[in-house]
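Me: Can you walk me through how the chains in this model pair up? Short answers are fine.

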4 protein chains.
Amino acid sequence: MIVPALGQFASGTHHFPVRVYFEDTDLTHIVYHANYLRYMERARTEMLRALGIEAQAMLDAGHGYYSVHEMHVTYLAPAKLDDILTVRSHVVQVRAAATVIGQDVWRGDQPLTRGRVTAAWLAMNGRPKRQPRDWSVRFSALMTEANAA
Amino acid sequence: MIVPALGQFASGTHHFPVRVYFEDTDLTHIVYHANYLRYMERARTEMLRALGIEAQAMLDAGHGYYSVHEMHVTYLAPAKLDDILTVRSHVVQVRAAATVIGQDVWRGDQPLTRGRVTAAWLAMNGRPKRQPRDWSVRFSALMTEANAA
Amino acid sequence: MIVPALGQFASGTHHFPVRVYFEDTDLTHIVYHANYLRYMERARTEMLRALGIEAQAMLDAGHGYYSVHEMHVTYLAPAKLDDILTVRSHVVQVRAAATVIGQDVWRGDQPLTRGRVTAAWLAMNGRPKRQPRDWSVRFSALMTEANAA
Amino acid sequence: MIVPALGQFASGTHHFPVRVYFEDTDLTHIVYHANYLRYMERARTEMLRALGIEAQAMLDAGHGYYSVHEMHVTYLAPAKLDDILTVRSHVVQVRAAATVIGQDVWRGDQPLTRGRVTAAWLAMNGRPKRQPRDWSVRFSALMTEANAA
């Protein structure tokens, strides 16, 4: 197919596929640890897009942008070149000015990394800002759905 | 969908889609010039895969790997966050130990960059090596098909 | 000067300088969050080198390599293009097969990020392995010195 | 030392040192081809700084920025982890709205890559713009000095 992957929701969890390329590896033959963060960011961006939040449109409108405020990642097993991975993202907590997202990277039924990212909603000047109520509602609904699964 | 994009051939040209994420941009609001090379490498990898050449399998078997020997890129227009791009790759020349690939990045019907990459086939010790005859034949067939289009 | 920065120890803490370039930023005008991890890795590599542990030599000798097993980073304030940053690294804990390193990034007297990285010592096959006793001793000495400061 | 490398001029050529880290390598044990472009950009930025052109200050003032319009790179020999490299940059041509810079990466007295980059001076809206006459004069003086060496 010649469209990029969008991922999709299942039971409140967003599933986003990633292929491992040369650019992602280092000389130990596995994916360089910081590159999982790029996979996670791609997955978050598509999860937000699926919720109706387009990053470039928000920036163009001067609304603001999500920025990582905190993250915690544990590496369980390595990914290799040509692997097909899935980033599974689900909402863990909804705060006034931030949403906490659990993001794990899987290869098939094996978890490779476990992550938790606090995405703060910032005004264009970089200051924290209350998330639009409409979005908080959607995040909360996702969280409820994931918790119920 | 939850599989990564593979791209596909049309008239001897391989079309591979790429989405632009935060990681790809720099503070001038556009895609950082070196990141187009990552897009191009993803596209080459999938083009080779479609031809039956899997990079990790070749490395595991101790066969060798393709390495960029030369590249030439011209930047015509910038890509932005959230853009969907297509890398169009076609074989330009088949040599004993290298294949020259033309790789242009488009956004819809607008060309953004024009590139030409010489991919040398190297033994595991890094020395140039004659490409498997079978592959040269496939590359040549693609080239003929693209030229005819 | 035409030698790369090595950093230096002061009171058990390793100080390593980093300049912010275009490659490090994203369209929000600040350093992309995952790129701080690259700064931290550079600083760890130089801290180890200063302790007599050269990564390439260890790999060539088939000894093993340090790999990130866990990390936790908090982002307090953003870095911008042309900024000169300092990564301050200190040993937090020495385990049998891993060393925990606190790594904060500062701009002058302002902390920008706070991080904690667990670096596991792995055999060439990727399995955890007891760190050489000699190194544990050096890490512990550094930790003692940092705690006393 | 705890300041980042600035590089220095010698006979009209700017010499900038780079250390190779894990982030720079790929699974073939050598520096990933696109990462040389990052080294080259760091070197260009410091060459410009040495000439009195600070990128962030130019952006803050709304003056504009240099953007790669074209590049051509040939890879002669690979760089490995822990290598200390030097990027040697010299002005090749000064045009109204762009400067062409030759940028080669060396390890000791061995050239690893040869590159040529056309850096276009762009207005904040991304359109080509005449370079400040003062800078053209400095670039031309450097070119004359390099040619005479």
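Reply: Start with one term. Two residues are in contact if their C-beta atoms, placed from the backbone, lie within 7 Å. Also, this is a predicted model.

Me: OK. Which share of the interface residues of chain C are also interface residues in chain D?

Reply: 100% of them, so the copies meet through the same surface.

Me: And how does chain C get laid on chain D?

Reply: By a turn of 180° and a shift of 0.0 Å along the axis. The RMSD is 0.0 Å.

Me: Which residue of chain C comes closest to the rotation axis?

Reply: C:Ala5 does. Its C-alpha is at 3.0 Å.

Me: Switching to chains A and B. How many residues are in contact there?

Reply: 27 residues of chain B are in contact with 27 residues of chain A.

Me: Which parts of chain B supply at least two residues each to that side?

Reply: Two strands and two helices of chain B: β2 (13-19), β4 (84-94), α1 (35-50) and α2 (55-60).

Me: What kinds of residues are on the side of chain B that touches chain A?

Reply: That side has 13 nonpolar, 8 charged and 6 polar residues.

Me: What turn lays chain B on chain A?

Reply: A turn of 180°, with a shift of 0.0 Å along the axis and an RMSD of 0.0 Å. That is the relation of a two-fold axis. In chain B, the C-alpha of B:Ala5 is nearest that axis, 3.0 Å from it.

Me: Which surface do chains A and B meet through?

Reply: The same surface on each copy, because 100% of chain B's interface residues are also interface residues in chain A.

Key
Residues numbered from 1 in each chain as written. Chains lettered and ligands numbered in written order. Predicted model: local features only at pLDDT ≥ 70, side-chain atom pairs only at ≥ 80, totals over all residues. Helix = DSSP H or I, 4+ residues; strand = E, 2+ residues; numbered from the N terminus. Nonpolar A, V, L, I, M, F, W, Y, C, P; charged D, E, K, R; others polar. Least-squares fit on C-alpha atoms with pLDDT ≥ 70 in both.
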